[in-house]
Amino acid sequence: MKAILALGNPGIRYIDSRHNVGWWLADRLIRAWGFDGLVAADRSAWTGGTIGGESVEIHKPLTYMNLSGEAVTAIRAGRELDPRTGLLVLVDDVWLSAGRIRIRPRGSAGGHNGLASVEQALGSDEYARLRIGVGRPHDERIDLAAWVLAPMPRMEEEAVVAAFPRAVEAVECWLRDGIQAAMNRFN
């Protein structure tokens, strides 16, 4: 089994926020793959199916971003899921310009509280992550937390959404050929 964990915050207030672009991509994957709608479970809403003979689950944590690791713990309970090969986290990244994607097999949380929570739950930073650029504020006085929780301006949102076909291909490559092939092809 492979699990895709899309980081975001629950609630109508955060739907259009930069911090929820992982959820946006998860919704795009669900539509592209024809999976059924999400079902609430322990700590996440999820759906799943089979892609290329591989059992795949997509999860959107029902916790806030800084508690995303609780969803990982619940996903792994009673399952054989090796995070090094079977987990892909979809996450926003302020260090990438809006619409850029980068896929990696491991790395630091880089100040991202959702990734820090996932790493704490796993006891490791060895899990794949697909980072989706949301850009940084141009004014250093703007609080970064407020920035990622705010809705994106139309042009930036369009840049992010325009990157989704490529991001879907990257996820499918990860599923089919592994992280190294996905990095070689999409970074």
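Tutor: Two strands pair if DSSP finds at least two bridges between them. Strands are DSSP runs of E with at least two residues, helices runs of H or I with at least four, numbered from the N terminus. This is a predicted model, with local features needing pLDDT of at least 70 and side-chain atom pairs 80 or more, while totals for chains, interfaces and linings use all residues. Residues count from 1 along each chain, and side-chain values use heavy atoms, without hydrogens or water.

Student: What makes β3 and β4 a pair?
Tutor: Eight bridges join β3 to β4 (residues 54-61), so the test for pairing is met. The two strands run antiparallel. One of the bridges links I51 to E54 in β4.

Student: Which residue has a positive phi in the hairpin of β3 and β4?
Tutor: G52 does, with phi near 55°. Two residues lie between the strands of that hairpin.

Student: How do you know that β2 and β3 pair?
Tutor: β2 (residues 39-40) and β3 (residues 44-51) share two bridges, in the antiparallel sense. Two bridges satisfy the rule, therefore they pair. V39 stands opposite W46 in β3. This hairpin has three residues between its strands, and R43 in the turn has a positive phi of about 75°.

Student: Why is the sheet's pairing called mixed?
Tutor: Compare two of its pairs. β3 and β4 run antiparallel. β5 (residues 87-93) and β7 (residues 128-133) run parallel, joined by six bridges. V91 has R131 as its bridge partner in β7. The open sheet has seven strands, in the order β2-β3-β4-β1-β5-β7-β6.

Student: What makes β2 and β6 edge strands?
Tutor: Each of β2 and β6 pairs on one side only.

Student: What packs on this sheet?
Tutor: Helix α2 touches β1 (2-6), β3 and β4, and its direction makes about 160° with that of β1. Helix α4 lies across β1, β5 and β7, at about 155° to β5.

Student: Why are α2 and α4 called oblique?
Tutor: α2 (residues 68-76) and α4 (residues 113-122) pack at about 40°, with axes 7 Å apart. Under 35 degrees is roughly parallel, 65 to 115 roughly perpendicular, over 145 roughly antiparallel, and the rest oblique. The angle of about 40° falls in the rest, so α2 and α4 are oblique. Their crossing is right-handed (near helix turned clockwise from the far one by less than a right angle).

Student: Which residues of α2 meet α4?
Tutor: S68, G69, E70, V72, T73 and R76 in α2 meet G114, S117, V118, A121 and L122 in α4 (contact means heavy atoms within 4.5 Å). By class, this contact has four nonpolar, five polar and two charged residues. Gly counts as polar.

Student: How do you know how α7 lies relative to α8?
Tutor: α7 (residues 164-177) and α8 (residues 179-186) pack at about 150°, with axes 7 Å apart. That angle makes α7 roughly antiparallel to α8. The crossing is right-handed. Residues meeting in this contact include C173 and W174 in α7 and I179 and F186 in α8. The classes are seven nonpolar, no polar and five charged.

Student: Why is R102 called partly exposed?
Tutor: R102 has a relative accessible area of 26%. Buried means under 20% and exposed over 50%, so R102 falls in between. R102 sits in β6 (residues 101-104). Leaving aside neighbours within four places in sequence, R102 is in contact with L96, R129, L130, R131 and N187.

Notes
Axes are lines fitted to C-alpha atoms, for helices over the stretch in contact, and angles run from 0 to 180 degrees between N-to-C directions. Buried means under 20% relative accessible area, exposed over 50%, partly exposed in between (1.4 Å probe, protein chains only).
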